[in-house]
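The following exercises are to be worked through with the structure in view. Each task is followed by a solution in steps.

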Amino acid sequence: MPDRPHLLHAPSPDDENESLGLIGSQAANPPLLPTAELLADLSEQSAKLETAEPEAILEWAVARFGDKFTMATAFGPEGMTILEMLSRISPKTWVFNLDTGYQFEETLALRDQVAKLYGIEVELLRPELSVAEYEKLHGGPLYVINPTQCCNDRKLTVLKKAALGMHAWASAIRRDQSPDRAVAPIVGWDKKFHLVKVSPLANWTKKHVWDRIIKLKIPYNPLHDAGYTSIGCKPCTRSVTFGEDERAGRWSGTGKTECGLHTQD
Ligand code: SF4
């Protein structure tokens, strides 16, 4: 695992980069900047990889970005499938989980299974404030009245810090999950986090993912067997009923559909 910062309060080189206003690959050595040449190259690579198998896409990313390639996972079925692939392709890839403090116990239990089965120690990255400190600051759980701010504070801020000094990250999104995700390239520039974003499962369907899970006996969150099709934080996730959209159980009734990791606004 590369020498990565833990989100502690002590100053680190990444804190210095933050104070300089650098984000993502701007803080890398060497930096990676979205020049016209880079964007054209990424577009060309994405087109070439459009019909490639996910493993081939991951192999390309590992060869291109080395130890500056990382992955965030919430241990969903897609993420677990990629972790199994990475265990064969590049088990030393630095993988982390955005540990908001609100995750299901069943989700966090998968971390140990991944370590045992695949030899990948997923690092839990936490916001600076504990749940108790955060709720005290806001006079109660912020997810009730402002889930966007809560996701920003407990996920996006942590991911931005994790992205400092990296060149690229893997996402587990599928194009058929939502209109937002339908336009995701295989390889593209993520301007929000200032990283190259690689989506090896963009062209896979839910069936592809579950066929792979069953075939290779990849562990998965037992809540999926209880009607939870998409699993995030406990207070913002419910099970869905037959006929509902796969992501209908996330922030149900709020109008919010994404935590902001995979949107560019
Ligand atoms: S999913 Fe809910 S609890 Fe988790 S960070 Fe977002 S708003 Fe907060």
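**Exercise 1.** Determine where Asp180 is placed and whether Asp180 is buried, partly exposed or exposed.

*Solution.* The model is predicted. Step 1: Asp180 is placed in the loop between β4 (168–170) and β5 (187–190). Step 2: within 10 Å there are 16 other C-beta atoms. A buried residue needs 20 or more, and an exposed residue has 12 or fewer. Asp180 is therefore partly exposed. Step 3: leaving out residues up to four places away in sequence, Asp180 touches Glu258, His262 and Thr263. Step 4: Thr257 is 77 residues from Asp180 along the chain, and their C-alpha atoms are separated by 9.3 Å.

**Exercise 2.** Describe how α3 and α4 pack, and state whether they are parallel or oblique to each other.

*Solution.* Step 1: two packed helices are described by the angle between their axes and the distance between the axes. Step 2: for helix α3 (residues 54–65) and helix α4 (residues 77–89), the angle is about 55° and the axes are 10 Å apart. Step 3: an angle under 35 degrees would count as roughly parallel, and 65 to 115 as roughly perpendicular. The two helices, α3 and α4, are therefore oblique to each other. Step 4: their crossing is right-handed. Step 5: Pro54, Glu55, Leu58, Glu59 and Val62 in α3 meet Met85, Leu86 and Ile89 in α4. By class, this contact of α3 with α4 holds 6 nonpolar, no polar and 2 charged residues.

**Exercise 3.** Repeat the analysis for α4 and α5.

*Solution.* Step 1: α4 packs with helix α5 (residues 105–118) at an angle of about 25°, the axes being 10 Å apart. Step 2: α4 is therefore roughly parallel to α5. Step 3: the crossing of α4 and α5 is right-handed. Step 4: α4 contributes Met80, Leu83, Glu84 and Ser87 to the contact, and α5 contributes Leu110, Val114 and Tyr118. By class, the contact of α4 with α5 has 5 nonpolar, 1 polar and 1 charged residues.

**Exercise 4.** Which residues come nearest to the ligand, and is Cys150 buried or exposed?

*Solution.* Step 1: of the 13 residues around the ligand, Pro147, Cys150, Cys151, Cys233 and Cys236 come nearest. Step 2: the shell is made up of 9 nonpolar, 2 polar and 2 charged residues. Helix α8 (residues 147–163) gives the most to this shell, with 5 residues. Step 3: Cys150 lies in α8. Because Cys150 has 22 C-beta neighbours inside 10 Å, Cys150 counts as buried. Step 4: apart from neighbours within four places in sequence, Cys150 is in contact with Leu142 and Tyr143.

**Exercise 5.** Phe75 has a positive phi, and so does Lys217. Find the place of Phe75 and of Lys217, and decide whether Phe75 is buried or exposed and whether Lys217 is buried or exposed.

*Solution.* Step 1: phi of Phe75 is near 60°, and phi of Lys217 is near 55°. Step 2: Phe75 is in the loop between β1 (69–72) and α4, whereas Lys217 is in the segment after α9 (206–216). Step 3: Phe75 has 25 C-beta neighbours inside 10 Å and therefore counts as buried. Lys217 has 9 such neighbours inside 10 Å and therefore counts as exposed.

Key
Residues are numbered from 1 along each chain as its sequence is written. This is a predicted model: local features need pLDDT of at least 70, side-chain atom pairs count only at pLDDT 80 or more; totals for chains, interfaces and linings use all residues. A residue is near a molecule or strand if its C-beta atom, placed from the backbone, lies within 6 Å of it. Helices (H or I, at least four residues) and strands (E, at least two) are DSSP runs, numbered from the N terminus. Ala, Val, Leu, Ile, Met, Phe, Trp, Tyr, Cys and Pro count as nonpolar, Asp, Glu, Lys and Arg as charged, and the others, Gly among them, as polar. Two residues are in contact if their C-beta atoms, placed from the backbone, lie within 7 Å. Axes are lines fitted to C-alpha atoms, for helices over the stretch in contact, and angles run from 0 to 180 degrees between N-to-C directions. Angles under 35 degrees count as roughly parallel, over 145 as roughly antiparallel, 65 to 115 as roughly perpendicular and the rest as oblique. A crossing is left-handed if the near helix is turned anticlockwise from the far one by less than a right angle, and right-handed if clockwise.
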